[in-house]
Amino acid sequence: MPGNEEEPSVRVLISEDEITARMKELAFEISSDYEGKDLLLVCVLKGSMVFFADLARKITIPLRFDYICVSSYGDGSESGGAHELRTDLNESVSGRHVLLVEDIVDTGLTMEYLFGLLSSRGAASLDVVALLDKPARRKWEVDIAYRGFEIPDEFVVGYGLDYRQQYRNLPYIGALESSSPLG
Ligand code: PRP
């Protein structure tokens with residue numbers, strides 16, 4: 001961390017083993033529900049890339065990958081509410097069953113934006129699998145079809161999630177603790 005700020009510490013909230021076990025259950029459900037359907041698995045960059053890569057390899061039915069990048073938080077810890085589409089899908093969603101893969105649903109505003117963007121493109125279905133659900137800060141009600149863990153209102157990092165673009169490579173979900181306000 002630059003300057004004189006004290007470096008935050010990280011407390012393990014969800015271990016690597018817990019993530020793996022829950023992810024296997026989610027992948028089993030998804031494989032069963034989408035059997036025989038044209039599944040397009042969409043990684044919501046960039047926080048979801050770790051979850052996406054691990055989850056996709058546990059799903060046992062044929063599927064295609066695509067990626068979309070939306071910015072909401074900038075480099076800080078608070079959701080700004082405004083969204084910017086940085087990278088759109090390459091694939092057409094028309095007639096396909098689209099499953100968005102998210103690391104976390106927090107305020108729900110990213111999902112509001114993505115559902116608004118994609119729902120008019122003719123997908124056969126549009127749903128979301130989220131590793132983490134933090135309902136305490138919800139501003140838009142998201143119907144999360146597949147939920148990994150519900151978490152308390154703490155700032156979480158690791159397994160793809162960042163604080164100022166750091167910590168994404170931690171193999172577990174950690175709660176960031178600091179004596180000074182995070183931001
Ligand atoms: C994070 C996360 C979700 C979104 C959830 O992305 O990956 O996409 O915030 O927050 P919300 O429910 O309050 O909208 P972020 O914009 O931090 O970008 P990143 O994926 O590149 O880390």
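Select Lys46 to begin: this residue sits in the loop between strand 2 and helix 2 (49–56). Helices here are DSSP runs of H or I with at least four residues, strands are runs of E with at least two, and both are numbered from the N terminus. Show the backbone on the N-terminal side of the loop residue, where a cis peptide bond with omega of about -5° joins Leu45 and Lys46. Most peptide bonds are trans.

The model is predicted, and local features need pLDDT of at least 70, side-chain atom pairs count only at pLDDT 80 or more, and totals for chains, interfaces and linings use all residues. Residues are numbered from 1 along each chain as its sequence is written, and side-chain values use heavy atoms, with hydrogens and water left out.

Now colour the chain by secondary structure. Three helices and nine strands appear, in the order β-α-β-α-β-β-β-α-β-β-β-β from the N terminus. The radius of gyration, taken over C-alpha atoms, is 16 Å, close to the 16 Å that the globule rule (2.2 Å times the number of residues to the power 0.38) gives for 183 residues, so the chain is as compact as a globular protein of that length. The C-alpha atoms fill a box of roughly 55 × 35 × 25 Å along the principal axes.

Next, select helix 3 (residues 109–118), which contains Thr110. Which residues of helix 3 are buried? They are Leu109, Thr110, Met111, Leu114, Phe115 and Leu118. Buried means under 20% relative accessible area, exposed means over 50%, and partly exposed lies in between (1.4 Å probe, protein chains only). Add strand 2 (39–45), strand 3 (64–71), strand 5 (97–105) and strand 6 (125–133), which are among the elements that cover these buried residues.

Stay with Thr110, which has a relative accessible area of 17% and therefore counts as buried. Show His83 too: the side chains of Thr110 and His83 make a polar contact of 3.3 Å. Such a contact is a pair of N or O atoms within 3.5 Å; within protein, one must be able to donate a hydrogen and the other to accept it, and residues adjacent in sequence count only if both atoms are side-chain atoms.

Last, go to the loop between strand 8 (156–157) and strand 9 (173–177) and select Tyr159. Its phi is near 50°, a positive value in a residue other than glycine. Gln165 is found in the loop between strand 8 and strand 9, and has a positive phi of about 70°. Is each of these two side by side in the viewer buried or partly exposed? Tyr159 is buried at 5% relative accessibility, whereas Gln165 is partly exposed at 32%.

Conventions. Contact means heavy atoms within 4.5 Å.
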